[in-house]
Amino acid sequence: GFVIGSAVAGGGHHLEQPYPDPFTSDRPYRKQLAREFSSVSPENQMKWEYIHPERDRYDFAMADRIVAFAERNRQAVRGHTLLWHSQNPAWLEEGGFSPAELREILREHITTVVGRYAGRVQQWDVANEVFDDTGALRTRDNIWLRELGPGIIADAFRWAHEADPSAELFLNDYNVEDIGAKSDAYYALVQDLLAQGVPVHGFSAQAHLSTEYPFPSGLEDNLRRFAELGLATAITELDVRMNLPESGVPTRAQLAEQARYYRQALTACLNVTGCDSFTIWGFTDKYSWVPVFFSGQGAATVMWDDFTRKPAYHALRSAL
Ligand code: XIL
């Protein structure tokens, strides 16, 4: 039941120019995606701003195509994401809605989107990044938490479960790989949700790592403590970025170090019962979000632009 996945570059912020949409236009890319992976995650196409661009209009075109691709290739799908502070459309963020309206908007969205793909999405990131790095709920920048309070998290899980009782419902975040204030906050939240009978099934670490920082050595123990609460766990967005030298080309030592991080992340997951889904955030540097979001950094994925394999690719293979 173990799946190894990749984000699908179906167009999005960092690729708007000059690529129309790699998933559609880059055939060798699709071939690799089909051949190398047993799970896919739409990188952007199930986010609010893409799938729900106007209050009364959904755009399922790309998400539908990605899900159909996954089915043809016998791949699982990770749905991403339903309740988040980022990549929300302006109509939502600036709409001046009352709390009652917002609650209904969220309920309707979750029911519609999760319902559309019911039975076809293995795991949903229901709540994404609800805590800041200190372990405090994002009550300022997350519209749902700010306007509706923390109880909306439980509601989101209940609505998602109603819409697709077979999907595994996750809390997902970055900087929660190690045991610390932020992952402790999730640990407490999970206990609280479980005590209330909320259908929360999984906790996942994005794992946007960098060789400039030590590998999060507590990853395995951290995943295990969530498993012991009865949750599934997953790695959902692994990449390992590095500061690029002047030439733009990473050194052999950097690539070896990166490979070590990839292998350690996979090994941690494999060592934990119930960590059955391991996803990298794109498989080729050609379309990686990293250089756009972290200036001076890059080379974060397992393949070069021409899809030749880096040491990190071989490290994952050999750890499987
Ligand atoms: C990123 C995408 O890769 C970019 O294309 C987009 O412009 C911004 O979002 N955490 C998440 C992902 O949960 O959705 C983010 O993806 C990366 C960080």
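**Close-up views of a predicted model**

**View 1. Strand β2 meets strand β3 at Ser39.** Ser39 has Ala76, in β3, as its bridge partner. Please keep in mind, here and in every view below, that this is a predicted model. The pair belongs to a parallel pairing of 2 bridges between β2 (residues 39–42) and β3. On its other pairing, β2 runs parallel to β1, to which 4 bridges join it. There, Ala7 stands opposite Ser41 of β2.

**View 2. Strand β3 is enclosed.** This strand covers residues 76–83, and 8 of its 8 residues are buried, so the rest of the structure largely encloses it. What is the sense of its pairing with β4? The two strands run parallel. Strand β4 spans residues 123–128 and is joined to β3 by 4 bridges. To find this pairing in the model, look for Leu83, whose bridge partner in β4 is Ala127.

**View 3. Strand β1 also pairs with strand β9.** Start at residues 3–8, which form β1, and follow the 4 bridges that join this strand to β9 in the parallel sense. Val3 is a good landmark, with Ser277 in β9 as its bridge partner. Strand β9 then leads on to β8, since these two are also listed as a parallel pair, with 4 bridges between them. Thr233 marks that pairing, standing opposite Cys275 of β9.

**View 4. Strand β8 is mostly covered.** Of the 12 residues in this strand (residues 232–243), 11 are buried. Which strands pair with it besides β9? One is β6 (residues 202–205), which runs parallel to β8 and is joined to it by 4 bridges. In that pairing, Phe203 stands opposite Thr233 of β8. Another is β7 (residues 208–210), also parallel to β8, with 3 bridges. Here Leu209 has Val240 of β8 as its bridge partner. Strand β10 (residues 297–298) joins β8 through 2 bridges, and this pair runs antiparallel. Look for Met242, whose bridge partner in β10 is Gly298.

**View 5. A helix links two strands in a right-handed unit.** Here β8, α11 and β9 make a right-handed β-α-β unit. The two strands of the unit pair in the parallel sense. The helix of the unit, α11, takes up residues 252–270 and reappears in the next view.

**View 6. Inside the largest nonpolar core.** This core has 90 residues. Which of them touch the most other members? They are Trp124, Val126, Ala156, Ala160, Tyr262, Ala265 and Cys269. Helix α11 gives the most to this core, with 7 residues. Val126 makes a handy centre for the view: leaving aside residues up to four places away in sequence, Val126 touches Leu82, Leu83, Ala156, Phe157, Ala160, Leu169 and Phe170. One of these contacts, Leu83, was met in View 2 as the bridge partner of Ala127.

**View 7. The residues around the ligand.** Ten names make up this shell; which residues are they? Around the ligand are Gly12, His13, His14, Glu43, Asn44, Asn128, Tyr174, Gln206, Glu237 and Trp289. Sorted by class, the shell has 6 polar, 2 charged and 2 nonpolar residues. Glu237 is a useful link back to View 4, as it is part of the shell and falls in the range of β8, residues 232–243. Asn128 likewise belongs to the shell and falls in the range of β4, residues 123–128.

Technical notes:
Residues numbered from 1 in each chain as written. Predicted model: local features only at pLDDT ≥ 70, side-chain atom pairs only at ≥ 80, totals over all residues. Core = buried A, V, L, I, M, F, W, Y, C linked by C-beta atoms within 7 Å. Buried ≥ 20, exposed ≤ 12 C-beta atoms within 10 Å, placed from the backbone. Contact = placed C-beta atoms within 7 Å. Near = placed C-beta within 6 Å. Nonpolar A, V, L, I, M, F, W, Y, C, P; charged D, E, K, R; others polar. Pairing = 2+ DSSP bridges. Right-handed = clockwise from strand over helix to strand, strands pointing away.
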